[in-house]
Amino acid sequence: HTKVTSFSASYYDRVITIGEGACLEVTGTGRVTLGYGNTFNITGTIENAKTADKDNVQPSLIIPGGISITGGNDAEFNVTNAYIVVGNTSSKNSAADGTFSMNFTNSIAEFTNQFTLSEPTNGKNPTFVMNIKDSVFTTATKLCVAASNSTVVVDNSVVNLGSYIRNSGELTIKNGSEFTGKTIQFGENGGNNGAIIVDNSKLTIQAGSTGHALDGKEEGSILLKNSAVADIDYIKDSVIEIFGTSKLTKQQITNSTVNGVLVNDGNAETSDISGAQARCDDVYYDTFEAALKAVKNGSKVELLTDITISEKWDNRNTEAKITVPVTIDGNGHTIKFTGEIHDGGNYHAVFRLQNEATVKNLTFDLSEATTSNNRIRAISSSSDLTVDNCNFIGNPAVTNARAIIFGEGSGSAIGEVDV
């Protein structure tokens with residue numbers, strides 16, 4: 001355990017290493033500099049940061065005065081399996097430049113004041129990259145990401161803020177993370193004029209005295225996907241997208257679009273908004289079938305979540321028999337069928353495409369699908385067809401199963417095929 005009254009890292013291209021079992025404590029009130037091409041590597045002995053009792057963990061770094069992020073050139077701050085306690089941490093908006101990378105892996109990061117990545121001035125254009133993985137990250141006051149060239153990824157972690165959040169970059173919360181803030185910090189660009197992506201995680205932002213928990217100033221966006229949950233009291237001037245089984249719990253939304261629809265609900269009653277399964281062109285739909293029914297010449301249908309269809313699938317009734325040029329983009333998702341696939345003819349196909357078509361980024365899971373005549377096809381085409389980045393999972397019990405068939409029977413024309 002090394003104690004010093006001050007610590008200077010204002011020299012170029014230095015590597016500061018704090019190894020397992022060691023601790024550096026700066027007892028004075030001065031701040032430690034992060035910048036000038038320097039790298040901090042801090043490693044502790046924590047096995048599981050999310051379950052660890054920090055009272056029984058020796059900190060690897062203690063800086064009551066905090067950290068000043070400044071200077072040019074790239075700099076890194078890497079914390080692995082460690083517990084750190086740091087005071088006021090912020091970038092100097094008139095001096096910070098270059099790329100600053102901060103990585104917290106299986107660690108406990110406790111900031112006893114604010115953590116701020118300031119909006120740059122004086123022609124500076126820094127890039128901030130922060131990764132919080134398998135960790136616990138707390139601030140006593142605010143987390144302010146005011147620099148637009150900022151990327152923050154919270155992965156399987158817990159983030160608790162003592163007060164404000166401001167986001168002008170891209171904030172991704174994923175893999176079961178929990179992110180909790182009090183309200184937004186108002187700046188000249190609003191509290192969230194960047195993008196917040198919540199992926200299979202929970203975001204909670206409570207309203208404060210300012211009246212709105214999330215204010216996008218008509219530039220900010222919120223995306224909820226893969227069963228994400230957001231509990232946000234008030235939202236204003238934002239673009240909101242909710243996919244699949246994700247859910248937004250809110251009290252009031254003002255001058256914002258929710259899945260493409262302008263909302264000014266003007267009340268303060270708690271209610272939930274569920275997600276959309278698919279989108280056809282610029283319109284969102286609760287079901288994939290509804291999106292298919294909206295197809296017109298040249299439409300693009302997008303799947304927004306994994307879906308399971310247990311009802312009987314007849315492409316004549318679901319409008320999956322498409323006679324106009326179309327693009328179907330699964331966006332990496334899966335359609336799983338557990339019921340009968342049928343169409344009254346001999347095709348028994350999920351999609352029956354009778355004009356130029358592209359099907360991409362989609363997994364067809366037919367492993368539990370049934371059929372009345374031992375036939376199942378994912379795609380039946382009689383025109384030009386492009387299949388890109390698709391996977392086909394068949395049912396071994398159906399001996400006459402095909403991923404793609406062409407021509408739809410004798411005498412039918414077959415177009416060009418690009419797989």
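User: How do you know which residue Ile 322 stands opposite in β39?
Analyst: This is a predicted model, and the pairing is read from its atoms. Ile 322 stands opposite Leu 353 in β39.

User: What makes β36 and β39 a pair?
Analyst: Two strands pair if at least two bridges are found between them. Two bridges join β36 to β39, residues 349-353. The cut-off is met, so they count as paired. They run parallel.

User: Which strands form the open sheet, and in what order?
Analyst: Four strands form the sheet, in the order β36-β39-β41-β44. The pairing is parallel.

User: Why do β36 and β44 stand at the edges?
Analyst: β36 (321-322) and β44 (400-406) each have a single partner strand. One side of each is therefore left without a neighbour in the sheet.

User: How many bridges join β2 to β5, and in what sense do the strands run?
Analyst: Four bridges join β2 (residues 15-18) to β5 (residues 39-43), and the two run parallel. Pairing needs at least two bridges, so this counts as a pair. Within it, Thr 17 has Asn 41 as its bridge partner in β5.

User: What joins β5 to β8?
Analyst: Five bridges join β5 to β8 (residues 75-80), again in the parallel sense. Thr 43 stands opposite Thr 80 in β8.

User: How many helices and strands are there in the protein?
Analyst: There are one helix and 45 strands.

User: Why is Ser 157 called buried?
Analyst: Buried means under 20% relative accessible area. Ser 157 has 1%, so it counts as buried. Its place is the loop between β17 (150-155) and β18 (158-161).

User: Which residues does Ser 157 touch?
Analyst: Leaving out residues up to four places away in sequence, Ser 157 touches Lys 50, Ile 132, Lys 133, Asp 134, Ser 135, Ser 177 and Glu 178. Take Glu 178: it is 21 residues from Ser 157 in sequence, and the C-alpha to C-alpha distance is 6.5 Å.

User: Why is Asn 255 called partly exposed?
Analyst: Partly exposed lies between the 20% limit for buried and the 50% limit for exposed. Asn 255 has 30% relative accessibility, so it falls in that range. Asn 255 sits in the loop between β27 (247-254) and β28 (256-258).

User: What is remarked about phi of Asn 255?
Analyst: Phi of Asn 255 is near 50°, a positive value in a residue other than glycine.

User: Where is Asn 331 found, and what is its phi?
Analyst: Asn 331 is in strand β37 (residues 326-337). Its phi is positive, about 50°, although Asn 331 is not a glycine. Its relative accessible area is 36%, so Asn 331 counts as partly exposed.

User: What makes a set of residues a nonpolar core, and how many residues has the largest?
Analyst: The members must be buried nonpolar residues joined through side-chain atoms within 4.5 Å. The largest such core has 58 residues. Phe 77, Ile 84, Met 102, Phe 104 and Phe 179 have the most contacts inside it. Strand β26 (residues 229-242) gives the most to this core, with five residues.

User: What lies apart from this core?
Analyst: Another core lies apart, of 35 residues, including Cys 280, Phe 288, Leu 303 and Trp 313.

User: What does Phe 104 touch?
Analyst: Its contacts include Phe 77, Val 79, Ile 84, Phe 111, Met 130 and Phe 137, not counting residues up to four places away in sequence.

User: How many cavities does the search find?
Analyst: Two cavities of 30 Å³ or more turn up in the whole structure. The largest has a volume of about 50 Å³. The second largest has about 40 Å³.

User: What lines the largest cavity?
Analyst: Its lining includes Leu 34, Phe 77, Thr 89, Met 102 and Phe 104. β7 (67-69) and β11 (99-105) each give two or more residues. By class, the lining has eight nonpolar, one polar and no charged residues.

User: What lines the second largest cavity?
Analyst: Among its lining residues are Leu 143, Val 152, Arg 166, Asn 167 and Phe 179. The largest share, three residues, comes from β19. By class, there are six nonpolar, one polar and one charged residues.

Definitions and conventions
Residues numbered from 1 in each chain as written. Predicted model: local features only at pLDDT ≥ 70, side-chain atom pairs only at ≥ 80, totals over all residues. Heavy atoms only, no water. 1 Å grid on protein atoms, 1.4 Å probe; cavity = no way out; pocket = protein on both sides within 12 Å on 5 of 7 lines; lining within 4 Å. Points joined across faces, edges and corners; volume = space filled by probe spheres on them. Nonpolar A, V, L, I, M, F, W, Y, C, P; charged D, E, K, R; others polar. Buried < 20%, exposed > 50% of the residue type's maximum accessible area, 1.4 Å probe, protein only. Contact = heavy atoms within 4.5 Å.
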